[in-house]
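I set out to record, entry by entry, what I looked up in this model. The topics are helix packing, empty space and backbone geometry.

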Amino acid sequence: EGSVLAHELQLTERFLRSMETLEEEGRLRIIGRHDTCQRVGVVSVLPLHLDPAEFAFRLDEEYGIATRVGLHCAPSAHRILGTWPTGTVRFSFGAFNTAVEIDEAVQAVTAICRAEK
């Protein structure tokens, strides 16, 4: 299927697989499902050794990668998820993103996470 959603989910799957490696290393926590079943092209992570706001700032300043950080207008959900009060770093993948961009984001996240532990 060549739909926009299928493309976004392929990118999401690519990103999630790499984030699972960092999660296994104890460097970050993936928030939510680890697969693309009943999911859209959004992944939230919690860096375990760096404040999420600092993490997002470094992604932007050092790598030009824009994310959204914080409670995402859902503070009660973050209390339940155990990410209160800092929230998470949220990545969104869309129709115009490419696999190369996902790989660049993975490299940036990996570099920042591995530098902090």
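**Entry 1: the largest pocket**

I began with the lining of the largest pocket, where H4 contributes the most, with 4 residues. I noted at once that the model is predicted. H4 spans 99-115, and both this helix and strand E4 (88-92) supply at least two residues each to the lining of the largest pocket.

I then looked up the volume: the largest pocket holds about 260 Å³ of space. Its lining comprises 14 residues, and those closest to the centre of the pocket are Ile65, Ala66, Ser92, Asn97 and Ala105. I sorted the lining of the largest pocket by class and recorded 6 nonpolar, 4 polar and 4 charged residues.

**Entry 2: the enclosed space**

I next asked how many cavities of 30 Å³ or more there are. The count comes to 1. For the largest cavity I recorded a volume of about 30 Å³.

I listed the residues that line the largest cavity: Arg27, Pro47, Leu48, His49, Leu50, Phe55, Ile112, Cys113 and Glu116. By class, I entered 6 nonpolar, 1 polar and 2 charged residues for this lining.

**Entry 3: H1 against H4**

I turned to helix packing, for which the description rests on the angle between the two axes and the distance between them. Helix H1 covers residues 4-24, and I recorded an angle of about 15 degrees between H1 and H4, with the axes 10 Å apart. Because angles under 35 degrees count as roughly parallel, I entered H1 as roughly parallel to H4. The crossing of H1 and H4 is right-handed.

Which residues of H1 and H4 meet? On the H1 side I found Leu11, Arg14, Phe15, Ser18, Met19, Thr21 and Leu22. On the H4 side I found Ala99, Ile102, Asp103, Ala105, Val106, Val109, Thr110, Cys113 and Arg114. I divided the residues of the contact of H1 with H4 into 10 nonpolar, 3 polar and 3 charged.

Ala105 of H4 appears in this contact and is also among the residues closest to the centre of the largest pocket.

**Entry 4: H2 against H4**

I repeated the lookup for helix H2 (residues 52-63), which packs with H4 at an angle of about 125 degrees, the axes being 10 Å apart. I therefore entered H2 as oblique to H4. The crossing of H2 and H4 is right-handed.

From H2, I found Phe55, Arg58, Leu59 and Tyr63 in the contact, and from H4, Ala108, Val109, Ala111, Ile112 and Cys113. I divided the residues of the contact of H2 with H4 into 8 nonpolar, no polar and 1 charged.

I noted that Phe55, Ile112 and Cys113 belong to this contact and also line the largest cavity. Val109 and Cys113 of H4 take part in the contact with H2 and in the contact with H1.

**Entry 5: backbone geometry**

Where does the chain carry a cis peptide bond with omega near 0 degrees? I located it from Trp84 to Pro85. Pro85 sits in the loop between helix H3 (75-81) and E4.

I also looked up Gln38, which is not a glycine yet has a positive phi of about 55 degrees. I placed Gln38 in the loop between strand E1 (28-31) and strand E2 (42-47).

Conventions. Residues numbered from 1 in each chain as written. Predicted model: local features only at pLDDT ≥ 70, side-chain atom pairs only at ≥ 80, totals over all residues. Heavy atoms only, no water. 1 Å grid on protein atoms, 1.4 Å probe; cavity = no way out; pocket = protein on both sides within 12 Å on 5 of 7 lines; lining within 4 Å. Points joined across faces, edges and corners; volume = space filled by probe spheres on them. Nonpolar A, V, L, I, M, F, W, Y, C, P; charged D, E, K, R; others polar. Axes fitted to C-alpha atoms, helices over the stretch in contact; angles between N-to-C directions. Parallel < 35°, antiparallel > 145°, perpendicular 65-115°, else oblique. Left-handed = near helix turned anticlockwise from the far one by under 90°. Contact = heavy atoms within 4.5 Å.
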